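Good morning, colleagues, and thank you for making time for this item. I would ask you to keep the sequence and the structure in view while I speak.

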Amino acid sequence: MASKHYHSWLMLAVLGGNLAGGSSALAQQAAPAGDSATQALRHNFSIPGGGSLAGALLAFGQQSGLQLIAPSELTNGLSSAGVSGSYPADDALRTLLSGTSLGFKYVSTNTIQIYSTATASSDGTEVLGAVQVDGALDQATNAVGVNGSTDMTATEGSGSLNGSMLTVGSKGATSVKDTPQSVSVITSETMQQQGIRTLNDAMQKATGITVQQGNNSREQTFYSRGFQITRASIDGGSPIDITGGTNFNKRFSPSFDMSMYDHVEILRGADDLFNGFSTTGPGGTVNLVRKRPLDHFQLKYDGSAGSWDNYQNSLDLSSPLNDAGTLRARAVLTRKDSHHFYRTAKDEKTVAYGMLEADLTDSTLLTFGGSYQRIRGVPLSNGLTLYPDGSDPHFSRKTAWVFPWEKSDSDTREVFAKLDQKIGDRWNFNLNYSGLYQRNSTIFSNVAGQIMPDTGLFSSEPIAADASNSNNKQFSFDSTLSGEFDVFGLPQKLTLGANYSKQSYWMTSPDAESNTGGWFGNTGPEMDPWNWDTSVPAPSIPSGYYAYLSSGSSINWGMYSQLVLTPWKPLHFGLGLRLNAYKSNTHTSTANDQSDTSEFTRKWESPYYSVSYDINDDLSWYGSYTKIFIPQSNMISPSGQQIDPETGSNLETGLKYAQPGGLLNASLSLYQIRLVNQGQLIGGNSVDLGGGRQGYYRNAPDANISKGVDLEITGSVQPWWQTSLGYTYNFNKSSELTSDGLNDSISVFTPKHTIKWWNDFQFNDAGETLSKFSFGVGVQAQSKTKQVGAWYDDDFNLHKYNANTAFYAVYSARIGYAINRNWNVALLGNNLFDKTYYSTVGSLNGGYWYGDPRNFVLSISGTFD
């Protein structure tokens with residue numbers, strides 16, 4: 001800050017014992033940013049608005065027991081809107097500073113420094129940037145988020161269930177209210193309270209998301225609005241494939257451990273503008289935001305012990321590496337040993353993560369780092385199965401058709417780098433690189449058919465075994481230039497960028513022609529599903545059996561632009577344009593055959609339009625349209641030509657509310673997705689077209705429809721009550737017909753009604769003892785689902801298959817206790833009433849998975865700085 005004299009410093013808010021004797025106990029409990037349990041403690045504030053900011057800060061220090069340091073020239077002439085009620089200290093301070101060019105950071109356990117976010121222009125004058133604004137924020141490298149992070153969307157240390165800022169759906173930090181699509185944020189506090197340890201756990205808690213168990217006990221697939229979510233990005237980079245076992249040849253099996261991430265951002269519906277077209281439909285996308293180094297020393301420990309011998313320990317260290325604080329580092333080490341409520345299956349995971357951050361100049365930030373995950377385990381494959389008519393055999397929840405010699409091992413390495421460059425006062429450029437490398441090795445058994453009601457045995461014998469070895473590489477680049485310019489005094493926003501990603505893989509497994517009858521041969525053991533014999537020895541694996549080989553690569557690249565026009569201050573129009581390109585090559589070889597296939601698609605699109613209107617400062621209406629394009633170049637018609645691509649639209653409108661200071665967000669969204677020209681198999685799959693393609697296709701004459709409502713409320717409803725409420729209604733209809741002549745659902749396991757509700761209560765004004773406790777309670781419930789079908793027996797008699805899952809609700813509760821300013825302990829109980837239900841609905845040949853029975857997790861966390 002330019003000045004020709006020494007600044008006078010105003011020391012504000014000495015410890016409450018000096019100025020407000022009754023608050024000394026609270027001062028002793030106050031903790032630096034990063035200790036989420038103690039930082040979430042509420043304090044009673046009564047600071048009137050309209051007065052000077054200096055006076056408001058003095059009152060804040062007296063009432064919170066915290067010490068503030070601020071140069072007097074920063075506060076001179078500024079007023080404050082005030083704050084009244086019981087709030088966490090950080091939230092109250094943000095409210096006091098809102099609308100100014102001031103930020104804050106912790107410099108010690110209970111000392112906060114106020115600083116200016118202003119930057120000097122070329123003529124030496126100051127240009128001020130707001131701490132809290134609507135819309136995109138300048139992500140200058142000197143911008144400080146919560147807890148001293150350079151990420152303005154960071155949630156660690158906020159103590160809040162609400163994430164008011166995110167980057168998914170845009171290429172910069174944008175408020176949830178000003179994102180004209182349906183989005184959610186799973187914050188660090190949410191993960192801490194609800195025991196979220198993996199991306200799978202996070203998606204279970206997310207509004208509008210249906211989680212299905214995949215091919216085995218480690219793999220899950222995610223669905224939104226009836227469509228699978230197949231892509232994720234990390235720190236807003238180019239999308240990566242997360243289909244895992246649903247795409248066997250590629251075999252990239254994602255296992256994102258949350259100990260590396262600050263929060264998770266989810267966009268529901270089409271996301272074609274920034275990520276390009278999907279091959280499975282407009283399910284949405286996920287953005288995982290990494291933990292960044294902090295501007296102060298912090299050491300965190302998290303440990304937990306749960307039912308069925310589940311244990312996890314994690315160390316998280318962050319610190320500046322030089323006196324100037326321009327070089328910072330963070331490292332995380334996690335070990336997890338997990339078993340299941342069913343027998344034999346288990347997993348062991350080790351995670352190592354590190355990141356370095358360097359301020360190369362005042363306007364240039366360089367970030368680079370890497371991670372390693374090692375998983376060794378015994379998976380349960382394909383879940384359970386039902387009777388041929390779809391009725392439930394009611395197996396014990398401990399039932400698991402798995403042998404101790406089965407395995408699913410993976411090693412995943414990641415390297416990443418990002419350059420953020422501020423250009424002038426209103427423009428930013430960033431370049432993002434990410435590389436993922438994974439090796440997988442599996443051996444697993446399969447049971448065949450249904451459970452026969454007359455014998456209680458499998459309808460097909462013997463059991464089979466299979467294996468695979470695979471290698472997957474994915475790397476991606478993403479580059480974005482974004483900023484603002486004025487027209488008639490109103491800011492207009494422009495984003496330009498490009499992304500590129502390449503995936504290559506090889507996978508080898510036993511060739512069916514060289515392995516007739518499976519490893520067990522035609523005289524394999526007949527297994528009793530009610531009394532599973534785990535003593536069956538592992539089959540031998542002759543090296544020559546690995547004769548099947550699939551290898552290939554796929555490339556996605558594109559260029560995108562988005563212009564947000566503001567012709568009138570409360571009215572905003574958005575327009576997006578993108579060039580999509582997709583190319584893939586696949587090579588398949590067996591003992592007796594080889595084949596190659598390739599695909600290529602390139603198309604200019606105008607995939608995105610939006611309009612929003614600010615009804616007032618807190619409430620806005622929005623509408624958006626996203627064009628959908630899904631290539632089907634691997635589907636051949638009887639004429640020998642590729643069928644037309646699947647096309648459609650994602651229409652959405654709704655209301656969004658944001659409470660000042662980011663304490664509460666609420667949204668109501670109505671949507672409709674319509675897709676035409678879906679590829680349908682005709683004439684069976686008896687026609688071999690080479691390259692693994694079986695049968696001819698046509699474009700479906702009718703449309704696929706998905707429509708519904710998303711409602712979400714997150715944040716502080718009252719000073720003592722935080723909530724995270726998500727409700728979804730979805731109706732989806734496929735163009736295909738079921739055996740009963742009715743329209744099938746796009747996804748039969750997507751319920752019409754879903755509710756996910758978690759509440760946190762902290763009574764900080766109820767006395768010294770009770771204020772150390774926190775209480776949580778939640779419920780997840782969904783309406784019934786139905787799976788219908790038909791099958792023929794050996795005499796060609798038609799049998800109907802109808803499997804229904806009833807409505808269910810699962811309740812959870814948590815009690816936490818702050819031992820002191822460093823240590824916190826909590827007990828979390830899930831499925832408290834021990835409800836028996838299927839969390840995943842399969843098909844005629846299996847894939848039914850029970851939800852977790854009643855279980856408990858005891859956790860302890862410590863923060864030191």
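Let me begin with a definition: two strands pair if DSSP finds at least two bridges between them. Please also bear in mind that this is a predicted model.

With that criterion, I turn to the sheets. One open sheet of 3 strands has the order S12-S13-S14, and its pairing is antiparallel. Its edge strands are S12, covering 209-213, and S14, covering 227-229, and each of these pairs on one side only. From one strand to the next, the twist averages 40°. Strand S13, residues 220-224, is joined to S14 by 3 bridges, and the two run antiparallel. Within that pairing, Phe222 stands opposite Ile229 of S14.

A second open sheet has 5 strands in the order S11-S17-S18-S15-S16, and here the pairing is mixed. Strand S11 (182-186) and strand S16 (240-241) are the edges, each pairing on one side only. Between strand S15, residues 231-234, and S16 there are 2 bridges, with the strands antiparallel. Ala232 has Ile240 in S16 as its bridge partner.

Next, consider strand S19, residues 298-306. It is joined by 9 bridges to strand S20, residues 310-320, in an antiparallel arrangement. Ser304 stands opposite Gln312 in S20. S19 and S20 form a hairpin with 3 residues between them, and Trp308 in the turn has a positive phi of about 60°. S19 is also joined by 8 bridges to strand S48, residues 855-864, again running antiparallel. There, Ala305 has Leu858 of S48 as its bridge partner.

I now come to the aromatic side chains. How many aromatic pairs does the structure hold? The count is 33 aromatic pairs. One of them is formed by Phe395 and Trp530, a tilted pair with 4.2 Å centre to centre and 35° between the planes. Phe395 lies in the loop between strands S23 (364-378) and S24 (407-423), and Trp530 in the loop between S27 (490-509) and S28 (548-568), so this pair ties together parts that are 135 residues apart in sequence. Is each of these partners buried or partly exposed? Phe395 is buried, because its relative accessible area is 4% and the cut-off for buried is under 20%. Trp530, at 38% relative accessibility, counts as partly exposed.

The rings of Trp401 and Trp532 have centres 6.5 Å apart and planes at 35°, so that pair is likewise tilted. Trp401 lies in the loop between S23 and S24, while Trp532 lies in the loop between S27 and S28, so the pair ties together parts 131 residues apart in sequence. Both Trp401 and Trp532 are buried. These four residues belong to one aromatic cluster, formed by Phe395, Trp401, Phe403, Trp405, Phe458, Trp530 and Trp532.

Finally, two remarks on burial and surface. In helix H6, residues 89-97, 9 of the 9 residues are buried, so the helix is largely enclosed by the rest of the structure. The buried residues of H6 include Asp90, Asp91 and Arg94.

On the surface, Ile615, Trp621, Leu655, Leu668 and Leu670 form a nonpolar patch, with about 410 Å² of accessible area together. Trp621 is found in strand S31, residues 619-630. With a relative accessible area of 34%, Trp621 is partly exposed.

Conventions:
Residues are numbered from 1 along each chain as its sequence is written. This is a predicted model: local features need pLDDT of at least 70, side-chain atom pairs count only at pLDDT 80 or more; totals for chains, interfaces and linings use all residues. Side-chain values use heavy atoms; hydrogens and water are left out. Helices (H or I, at least four residues) and strands (E, at least two) are DSSP runs, numbered from the N terminus. Axes are lines fitted to C-alpha atoms, for helices over the stretch in contact, and angles run from 0 to 180 degrees between N-to-C directions. Patches are made of residues with over 30% relative accessible area and no salt bridge: like charges are joined within 9 Å, nonpolar side chains (Val, Leu, Ile, Met, Phe, Trp, Tyr) within 5 Å. Accessible areas come from the Shrake-Rupley method with a 1.4 Å probe; for residues, only the protein chains shown count as cover. A salt bridge is a side-chain nitrogen of Lys or Arg within 4 Å of a carboxyl oxygen of Asp or Glu. Buried means under 20% relative accessible area, exposed over 50%, partly exposed in between (1.4 Å probe, protein chains only). Rings of Phe, Tyr and Trp (its six-membered ring) pair if their centres lie within 6.5 Å; planes under 30 degrees apart count as stacked, over 60 as edge-to-face and the rest as tilted.
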